[in-house]
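Here's a quick tour of a binding site, written for someone just starting out with structures. Have a look at the picture first, then read on.

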Amino acid sequence: MSKSDIPLLDMYRTMLTIRRFEERCNYLYMQGRIPSTLHLYIGQEAVATGVCARLSPEDYALSTHRPHGHAIAKGVAPRTIMAELFAKSTGCCQAKGGSMHVGDVNVGMFPAIAIVGANIPIAAGIALAAKRLGTDRVVVCFFGDGAANEGAFHEGMNMAAIWDLPVVYVCENNLYAASTSVSVAFKIEDIADRAAAYGMPGVVVDGNDVVGVYEVAGEAIARARRGEGPTLIECKTYRLCGHSRSDPRTYRSKEEEALWESQDPIPNLGERLKAMDLATDETLAAIEREVEALVDEAVAFAEESPAPQPTDALNHVFYTRVQEG
Ligand SMILES: Cc1ncc(C[n+]2csc(CCOP(=O)(O)OP(=O)(O)O)c2C)c(N)n1
Ligand SMILES: [Mg+2]
């Protein structure tokens with residue numbers, strides 16, 4: 001790889017934006033300023049970033065109960081995500097979604113789906129529509145290790161395979177489904193092995209290495225775009241935070257957490273950028289300031305935005321097709 005081939009600085013900025021955005025969300029949540037719940041993506045930023053860096057705004061992405069990182073990487077404006085978390089009318093779902101449903105179809109980010117595994121067959125359906133409409137759009141479907149043990153995984157993967165649909169399935173194996181370890185939920189080492197059962201390629205990649213993710217995703221997306229069908233990518237990663245708002249994390253050891261903290265994808269990429277002479281400490285500090293300002297602005301926008309009106313409650317909820325003739 002040559003230095004100019006991969007948008008490393010852009011990906012560093014995106015990863016840092018996701019991290020700082022979510023750290024602020026956590027702080028605001030603890031202050032009681034964000035209603036509902038919060039599942040943070042801290043530690044997994046390299047996955048969303050490396051994959052979405054390969055997508056165009058016309059391509060689609062689907063997410064889960066842990067969607068902020070995917071949404072930011074796919075191009076949803078952080079200020080509209082923050083406003084959504086604050087339940088304001090300027091939110092990306094106009095306050096009807098909240099944390100677990102953020103999205104913006106204008107940039108190809110479907111409102112996230114919090115039913116574990118449910119987005120897998122839906123992604124196949126969207127890919128079928130993209131194919132039948134004659135577009136070259138690709139659909140990326142992010143889900144966790146827990147979703148790979150849902151029936152919807154089998155149905156969606158099989159359908160995508162038999163119809164050679166332009167979809168890339170990205171399983172973020174962060175070693176836990178809430179408090180359940182993959183060691184008790186799977187008899188196999190690699191979830192990607194299941195791809196063989198559907199007749200599609202299965203690839204394992206270090207999900208904390210944004211460059212590795214970018215390369216693997218690039219191949220899978222190009223394959224889907226050529227009409228050659230789906231791929232299952234398993235990204236081995238770790239969430240450096242609790243499952244959701246109140247998680248004492250008693251199901252995992254401090255030693256395990258420390259090991260993964262040493263593999264934090266963001267400082268690791270920072271060091272790599274410096275070693276490659278693509279950045280200095282000052283470059284990285286400037287990106288840090290830029291990101292902090294962006295998050296400050298997102299919070300100010302959310303705070304200043306109006307709450308929805310009671311009369312908005314039924315807007316955009318029902319679709320009525322008027323019969324002609
Ligand atoms: C069908 C279904 N069952 C249970 C839940 C409750 N639930 C929410 S997140 C979660 C764990 C999901 O684990 P995983 O798929 O590995 O994603 P991660 O939380 O690790 O990102 C569960 C069981 C749900 N949302 N949907
Ligand atoms: Mg998981």
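Is Tyr-176 buried or exposed? In this predicted model, Tyr-176 has a relative accessible area of 8%, and it counts as buried because that is under the 20% cut-off. Asn-174 gets the label buried too, with 6% relative accessibility.

Now for what these two residues hold on to. Tyr-176 and Asn-174 both help coordinate the magnesium ion, ligand 2, along with Asp-145. Tyr-176 offers its O atom, Asn-174 its OD1 and Asp-145 an OD atom, at 2.1 to 2.2 Å. Along the sequence, the spacing of these donors reads D-x28-N-x1-Y.

Next, meet ligand 1. It has 15 residues around it, and those that come nearest are His-65, Arg-66, Gly-146, Asn-174 and Tyr-176. Sorted by character, the shell splits into 7 nonpolar, 5 polar and 3 charged residues.

Some polar contacts to ligand 1 are worth finding on screen:

| Residue | Part of the residue | Atom of ligand 1 | Distance |
|---|---|---|---|
| Asn-174 | side-chain N or O | oxygen | 2.8 Å |
| Val-116 | backbone N or O | nitrogen | 3.0 Å |
| Asp-145 | polar side-chain atom | oxygen | 3.1 Å |

How much of ligand 1 does the protein cover? On its own, ligand 1 has 580 Å² of accessible area, and the protein covers 70% of that.

One last thing to spot: Asp-145 and Asn-174 turn up twice in this story. Each is a donor to the magnesium ion, and each has a side-chain atom listed against an oxygen atom of ligand 1, at 3.1 Å for Asp-145 and 2.8 Å for Asn-174.

Key: Residues are numbered from 1 along each chain as its sequence is written. Chains are lettered from A and ligands numbered from 1 in the order in which they are written. This is a predicted model: local features need pLDDT of at least 70, side-chain atom pairs count only at pLDDT 80 or more; totals for chains, interfaces and linings use all residues. Side-chain values use heavy atoms; hydrogens and water are left out. A residue is near a molecule or strand if one of its heavy atoms lies within 4 Å of it. A polar contact is a pair of N or O atoms within 3.5 Å; within protein, one must be able to donate a hydrogen and the other to accept it, and residues adjacent in sequence count only if both atoms are side-chain atoms. Accessible areas come from the Shrake-Rupley method with a 1.4 Å probe; for residues, only the protein chains shown count as cover. Ala, Val, Leu, Ile, Met, Phe, Trp, Tyr, Cys and Pro count as nonpolar, Asp, Glu, Lys and Arg as charged, and the others, Gly among them, as polar. Donors are N, O and S atoms within 2.8 Å of the metal (3.2 Å for Na, K and Ca); water is not among the atoms, so sites may look incomplete. Buried means under 20% relative accessible area, exposed over 50%, partly exposed in between (1.4 Å probe, protein chains only).
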